[in-house]
Amino acid sequence: MQAPKVKKIEKILEIHNDQRIDNYFWLNERENPEVLEYLNKENDYCDFMMKDTEDLQNDLYEEMKARYKKDDESLPYFFNAYWYIVRYEAGKEYPIFTRKFQNLENTEEIIINANELAEGKDFYDLGSIAVSPNNKIAAFSEDVLGRRIYTIRFKNLETGEFLTDEINNCTGKAVWTADNRYVFYIVKDKSLRAYKVFRHQLGTSTKDDVLIFHEKDDAFDVNVYKTKSLDYVFIASSSSISDEHRFISADTPLADFTIIQSREDDLEYAVEHYQDEFYIITNADEATNFKLVKTKVDACGKENWQEVIPHRKEVLLEGFEIFKNYLVLEEREQGLLQIKIIDFASDNSYYLPFSDPTYTAYIASNLEFDTDKLRYGYTSMTQPHATLEYDMKVKTTEVLKQHEVLGGKFLKENYISERIWAPSRDGKTKVPISIVYHKNTTKSADTPLLIYGYGSYGHTVDAGFSNVRLSLLDRGFIYAIAHIRGGEYLGRDWYEDGKMLNKKNTFYDFIDAAKYLVGQQYTSPGHLYAMGGSAGGLLVGAVMNMEPELFNGIIAQVPFVDVVTTMLDEEIPLTTGEFDEWGNPKKKKYYEYMKSYSPYDNVEAKDYPNVLITTGFHDSQVQYWEPAKWTAKLRELKTDDHLLIFKTDLSSGHGGASGRFESLKEDALEYAFLLKLEQKL
């Protein structure tokens, strides 16, 4: 079977007296039958080229699925007189949300059974559930397309009936007021930016809903939430570099909102409430790695902020949790997350002990103020996720839930994790790399290694456990995460050094990490593979243009690869809010820099690695046409006979297939691609 060919229609794109010729621009015509025909041909070609792996894909899928408990349930948590539990039933793809009044021995009430709602639908995502303060009505949201555009519906939990109220084209989040009469929700604009907050009165037409807040600056998104105390409703307006929060008492839904601190460029802050004060995490006063302040509710402007936890140059303050007698901090130092506990009465403080060389720890859901118990999560590359409860008074720890790895083959002691540091080409920095492999795997030039990276938005990919990854490790692969600049693994400066006009540091760090692994005899270019999704797809796309001979294979998941064209089109979702991340190409210096690394714009006539590209037709984050155009241009120009496979899920969006186990088929395809290249069918 021949690889699909797609027609070329010349499109001249001109700005700053510079012309770009885009022969595949027309693939953005979503309703054009020829576009769908092309995507289907690529899917058929993918199936043909991977036909020799069908049995392997099925085996991978079944072994991945077998590791999960089919009738699993979440750890119960208590809130407002009820215990809440999310559970799964064997043979069902979707969760069932339940509750029990006061005691876990009482009769279960089903709030929402997503399996019933998903019946007959190709895609179904239950976004969120919010139960009214009187526990009688559940507001829940659903997306049936995969574009993260939700409809909020309401269910009477006493009668089981669905109300006629429906709120369309929203983010899916509903926040109740204390009187059970109103919910606040957020509407999206045509570019899918969350920009308007409305108040809906239960039992009335949405035509009568009241516009509460309109965010007119298209660099800002809007969120609405209730404080942990349940006393206040907040509207948060945020860009990449600025925040503005406003609030009302949850008891006065018709009141005017009060601003905490008006927005300023480069002033970020987030707010929580305790007694008569707001606690605020902020980068004010050049606190690059953030600090914690507090202020009275009735005098909350920046001039009133009092320091609680000062800024520290070597420690990134990522989050906090307030209890009646304790303050708990999430901190990151030298890349590793730590949990610090401060006793209000004695002012004594200490850290919870963690022993793995690389791991993830985080504050879990803690809904009660007046308690000595802290719930936190922990995982490492060799240890499955666990939720633990720490008694801050007596200083004891209890494991509440340890995720089980079924199938009878997993033993933690069979796997080894490491953290190493790769010298960067600038001679000043070192790039941390987290690594895991089976104890029987020997590091050598013949050992296959998959390196993963992201490196954007300050998002840090921490070292956690993966059930799915075991299928590679057990077949002799080493797995590595490169904690490259653009994330915040080594603090806020690590992020700043990998964005805007420093973006190429992200790609250089990934390349330098990969070369270091080769130099240290973990693998060799003939057995080295790279994977990244979304902005991580940009990463691997840029890297394979820069160093195509460094990798044997690339997996690009929903990749953001047509950077310049997308960032010039303000009607495409997310574009305007991303200028602080990538720069605005309407300004010449950003245009030229962006064009110099954009994967699509830099495809050349040369040999490339084997490549697997995936996307979702309804993707709202990275439009399907970016990877489609990239595939077409690679097919046209590449001079090698390596595999180039493009797979489109025609029923999903950015997050892939819906359902608990359907997404494992995507993992099985990716792993089969790697194993095919390693001739381990």
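Rings of Phe, Tyr and Trp, the last represented by its six-membered ring, form an aromatic pair if their centres lie within 6.5 Å. By this rule, the predicted model contains 35 aromatic pairs.

One such pair joins F510 and F551, which are stacked, with 6.3 Å from centre to centre and 25° between the planes. The planes count as stacked because their angle falls under 30 degrees. This pair links distant parts of the chain, the two residues being 41 residues apart. F510 belongs to helix α6 (residues 504–519), whereas F551 lies in the loop between α7 (535–546) and β36 (553–557). F510 has a relative accessible area of 0% and is therefore buried; F551, with a relative accessible area of 4%, is buried as well.

Aromatic residues also gather elsewhere in the chain. Y225, Y232, F234, F247 and F278 form one aromatic cluster.

Two tyrosine rings each have a lysine over them. K633 lies over the face of Y600, at 4.7 Å from the ring centre. The charged end of K665 sits over the ring of Y61, 5.5 Å from its centre.

Y61 and K665 also take part in a helix contact. The table sets out this helix pair beside another.

| Helices | Axis distance | Crossing angle | Handedness |
|---|---|---|---|
| α2 (residues 54–66) and α12 (residues 663–677) | within 8 Å | roughly 130° | right-handed |
| α1 (residues 33–49) and α11 (residues 625–637) | 12 Å | about 65° | left-handed |

With axes crossing at roughly 130°, α2 and α12 are therefore oblique to each other. Their contact is made on the α2 side by L56, Q57, L60, Y61, M64 and K65, and on the α12 side by L664, K665, D667, A668, L669, Y671, A672 and L675. An α-helix has 3.6 residues a turn, so residues three or four places apart point the same way.

In the contact between α1 and α11, the former contributes Y38, L39, E42 and Y45, and the latter A628, T631, A632 and R635.

Helix α10 (residues 588–597) offers a further view of the interior. Its buried residues are Y590, Y591, Y593, M594 and Y597. The elements covering these buried residues include the strands β1 (12–15) and β2 (18–21), together with the helices α6, α7, α8 (563–568) and α9 (579–582). Helix α6, one of these covering elements, is also the helix that holds F510 of the stacked pair.

Key: Residues numbered from 1 in each chain as written. Predicted model: local features only at pLDDT ≥ 70, side-chain atom pairs only at ≥ 80, totals over all residues. Heavy atoms only, no water. Phe/Tyr/Trp six-rings, centres within 6.5 Å; stacked < 30°, edge-to-face > 60°. Helix = DSSP H or I, 4+ residues; strand = E, 2+ residues; numbered from the N terminus. Buried < 20%, exposed > 50% of the residue type's maximum accessible area, 1.4 Å probe, protein only. Lys NZ or Arg CZ within 6 Å of the ring centre and 35° of its normal. Axes fitted to C-alpha atoms, helices over the stretch in contact; angles between N-to-C directions. Parallel < 35°, antiparallel > 145°, perpendicular 65-115°, else oblique. Left-handed = near helix turned anticlockwise from the far one by under 90°. Contact = heavy atoms within 4.5 Å.
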